[in-house]
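Me: I should like to go through the terms applied to this model and see what justifies each of them.

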Amino acid sequence: MPSERAADRRQLLSRVELFSKLGERELDDLVTVSRMQKMRARDELFHKGDEGTQIYLILSGRLKVMTTSAEGDDVTFSIAVSGLGPFSYQWKKGGVDVPDATGATLVFENVQSGNAGDYTVEVSNSIGMTTSLAGTLTVQSALTGYALYASGVNWMGMDSSPQGNPDNDPFNNFLEFVFGLDPLVADPTPTVRPRATIINVGGMNYPAVKFRRHRTRAGFQIVVEAVNTLTSQTMQMTTEEAPQDQGGDVDEATYRGQMQIEGLDTWFFRVKVIDTTTP
Ligand SMILES: [Ca+2]
Ligand SMILES: [Ca+2]
């Protein structure tokens, strides 16, 4: 026999559209894994990229969604409302209605700088309850990433272009930017270059590659591929392990192959840096 509080919670859950088709028993199961959480103003609930292990239902209050997009990305703002439906929605940009934006979700496909702004959504139901959510969309030009970085370096007349290599090490300025290196100091390659290693996960040894990279810089994409024979054209999937903070906006990334090292003769990784500033 569920407690009175559990009964309240079950009633709340049953009013959420996503769970509306569940039977009493399934709702009871949900109640046992749910918990109430009070947040203070400005508390951060989650960050983009966090592992999605929970669903949040907002019972009262407002949630602000902050997001940054490289131009050309798809961005979604979405609102979850509890209470008595059905609901109607109107999204606004800078207080002005966005035409045809009357669903629970506002999607920008191929976002452009013109989409940047402060967004709110007004939600109302048949008894006139109104709530709103606010979010800011910042659109970052892919070019600003390298340009911002380059502007902070004292080049003293040396070649500051992405292809330049004033310190004459194996990394051009663009790769120095990507991997968090110093473009004016020749970097020792065995230490900073992507390097092969072996990591142990759950008692099994896997081939892996480790490299340093900048976390928050824009204008590039790193793709890691692996292959276990040089003649094979098929690149295998790799799994990204939790990155290790190296301080100063740099982390060490580890990607591992899917097959255990036992039984493998060879394993090659390819770390591709794609310059997204070049269309
Ligand atoms: Ca260099
Ligand atoms: Ca360097």
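Reply: The exchange below sets values from the model against the definitions behind them. This is a predicted model, in which local features need pLDDT of at least 70, side-chain atom pairs count only at pLDDT 80 or more, and totals for chains, interfaces and linings use all residues. Residues are numbered from 1 along each chain as its sequence is written, and chains are lettered from A and ligands numbered from 1 in the order in which they are written.

Me: Why is Val96 called exposed?

Reply: A residue is exposed if 12 or fewer other C-beta atoms, placed from the backbone, lie within 10 Å of its own, buried if there are 20 or more, and partly exposed in between. Val96 has 8 other C-beta atoms within 10 Å and is therefore exposed. Val96 lies in strand β4 (residues 96-97). The C-alpha atoms of Val96 and Thr120 are 9.3 Å apart, with their positions 24 residues apart along the chain.

Me: What share of the chain is buried?

Reply: Buried residues account for 18% of the 279 residues.

Me: What makes a set of residues a nonpolar core?

Reply: The members must be buried Ala, Val, Leu, Ile, Met, Phe, Trp, Tyr or Cys residues joined through C-beta atoms within 7 Å. The largest such core has 21 residues, of which Val178, Phe179 and Val209 touch the most other members. Elements that each supply at least two of its residues include α3 (142-151), β10 (220-227) and β14 (268-275). The largest share, 5 residues, comes from α4. In soluble globular proteins, nonpolar side chains tend to be buried together.

Me: How many helices and strands are there, and how are they identified?

Reply: The chain has 5 helices and 14 strands. They are DSSP runs numbered from the N terminus, helices being H or I over at least four residues and strands E over at least two.

Me: How do you know that β9 and β13 pair?

Reply: Two strands pair if DSSP finds at least two bridges between them. β9 and β13 have 7 bridges, in the antiparallel sense, and Phe211 stands opposite Ala253 in β13.

Me: Which strand pairs with β13 and also forms a hairpin with β13?

Reply: Strand β12 (residues 244-247) pairs with β13 in the antiparallel sense over 3 bridges, with Gln244 opposite Glu252. The hairpin of β12 and β13 has 2 residues between the strands, and Gly248 in the turn has a positive phi of about 60 degrees. Strand β11 (residues 238-240) likewise pairs with β13 in the antiparallel sense, over 3 bridges, and Tyr255 in β13 is the bridge partner of Glu240.
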